[in-house]
Amino acid sequence: MALFLLGGRGFKCTNGLWRAMTAAQSYCSSVASGRQPVNGVDLYYEQTGRGKHAVLLLPGALGSTKTDFSPQLKSLNKERFTVVGWDPRGYGQSRPPDRDFPPDFFERDAKDAVDLMKALGFGRFSLLGWSDGGITALVAAARNPNLINKMVVWGSNAFISQHDCKLYDEVRDVSKWSARMRHPMEEVYGAQVFAKLWEAWVDGIAQFAHRPEGSICMELLPLISCPTLIIHGEKDPMVPSFHPQYLLKHIKGSRLHLMPEGKHNLHLRYADEFNKLVEDFLEE
């Protein structure tokens, strides 16, 4: 579940604006982008860095490289890592097709993600998955143990509870969101398409509540063999603490790191702390 909290920031002086423009130009010049045909869809991706350790960033619901991972694409160590961000099919710049949510949409995203990395020439790679992207990462790691080096997930869950369904229903109507929360997604999709797509996502995720135990991928967790770091923001309003605890219990050898002030977007709000935590884990 991704809540998009990327607010704009005003500049008070010409010097501040100039520094921001210079940083943006530096960022753009160091990131390559393109579209790669994968499983019948042209998937948009961005790639930066030249390190031997390849890392794939998996965005949250309706998310994209633009909305979800700017601090990671900008600041993860480019000497040690090659970082790839992507827009899953039907999201961001991977349109067409229109996004839909069949019962296997997480499996479909996981296959697309792995096949994209293969198409880009990466034999082994690590996964950084936020929210829905974390669920996709869990599926990908379980299905492809020989390809995944390490995995970091946050804001993610392996099942849907009735409590979760209530939380999702409370945010179904995007007109009740603050303008700051709506703005990034409305920039990508337009207001009407965003509202319609978000409702479709709420219905799509809620369908898992009808499965035994509300499972999304519970049965796959014992198949995960890569070193796994679970990060949880203790003030996350959308992912109760029983979800990371369940992942910790059922993913062999995993570890849990708690961020006391972290909310759902902890990798954006506390980007420096998050990036260092991830880099240290990936380099162990």
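Which residues line the largest cavity? In this predicted model, the lining of the largest cavity is made up of Leu-58, Pro-59, Trp-86, Pro-88, Tyr-91, Arg-99, Phe-105, Phe-106, Asp-109, Asp-132, Gly-133 and Thr-136. The space inside the largest cavity comes to about 70 Å³, and the structure holds 2 cavities of 30 Å³ or more. When the lining residues of the largest cavity are sorted by class, 7 are nonpolar, 2 are polar and 3 are charged. Helix H4 and helix H5, the latter covering residues 132–143, each contribute at least two residues to this lining.

Helix H4 can be followed further. Its 15 residues, 105–119, should span 21 Å at 1.5 Å a residue, and because the C-alpha atoms at its two ends are 21 Å apart, the model agrees with that expectation. H4 is mostly covered, with 11 of its 15 residues buried. Among the buried residues of H4 are Phe-105, Phe-106 and Asp-109, and these three names also appear in the lining of the largest cavity. The buried set of H4 further includes the charged residues Arg-108, Asp-112 and Asp-115, together with Ala-110, Ala-113, Val-114, Leu-116 and Met-117. Just after H4, Gly-121 adopts a positive phi of about 95°.

The second largest cavity has a volume of about 40 Å³, and its lining consists of Val-153, Trp-154, Gly-155, Ser-156, Ile-230, Ile-231, His-232, Val-239, Pro-244 and Leu-247. Two or more of these residues come from each of strand S6 (148–154), strand S7 (228–233) and helix H9 (242–250). The largest share, 3 residues, is supplied by S7. By class, this lining holds 7 nonpolar and 3 polar residues, and no charged residues.

Besides these cavities there are pockets to consider. The second largest pocket contains about 210 Å³ of space, and it is lined by Gly-90, Arg-95, Asp-98, Arg-99, Gln-192, Val-193, Lys-196, Leu-197 and Ala-200. Its lining divides into 3 nonpolar, 2 polar and 4 charged residues. Arg-99 belongs to the lining of this pocket and also to that of the largest cavity.

Across the whole protein chain there are 11 helices and 8 strands, and 55% of the 284 residues count as buried. In soluble globular proteins, nonpolar side chains tend to be buried together. In this model, the largest nonpolar core has 68 residues, and those with the most contacts inside it are Leu-62, Leu-127, Trp-198 and Trp-201. A second core, separate from that one, has 19 residues, including Val-55, Phe-81, Phe-274 and Phe-281. Of the contacts in the protein chain with a separation of 6 or more, 77% are between residues 24 or more positions apart.

A single residue, Gly-34, gives a local view to end on. Gly-34 lies in strand S1, which covers residues 31–38. Its relative accessibility is 17%, and because buried means under 20%, Gly-34 counts as buried. Leaving aside residues up to four places away in sequence, Gly-34 touches Leu-43, Tyr-44 and Tyr-45. Of these, Tyr-45 is 11 residues from Gly-34 in sequence, and the two residues are 5.7 Å apart in space, C-alpha to C-alpha.

Conventions
Residues numbered from 1 in each chain as written. Predicted model: local features only at pLDDT ≥ 70, side-chain atom pairs only at ≥ 80, totals over all residues. Heavy atoms only, no water. Helix = DSSP H or I, 4+ residues; strand = E, 2+ residues; numbered from the N terminus. Expected span 1.5 Å × (residues − 1). Buried < 20%, exposed > 50% of the residue type's maximum accessible area, 1.4 Å probe, protein only. 1 Å grid on protein atoms, 1.4 Å probe; cavity = no way out; pocket = protein on both sides within 12 Å on 5 of 7 lines; lining within 4 Å. Points joined across faces, edges and corners; volume = space filled by probe spheres on them. Core = buried A, V, L, I, M, F, W, Y, C linked by side-chain atoms within 4.5 Å. Contact = heavy atoms within 4.5 Å.
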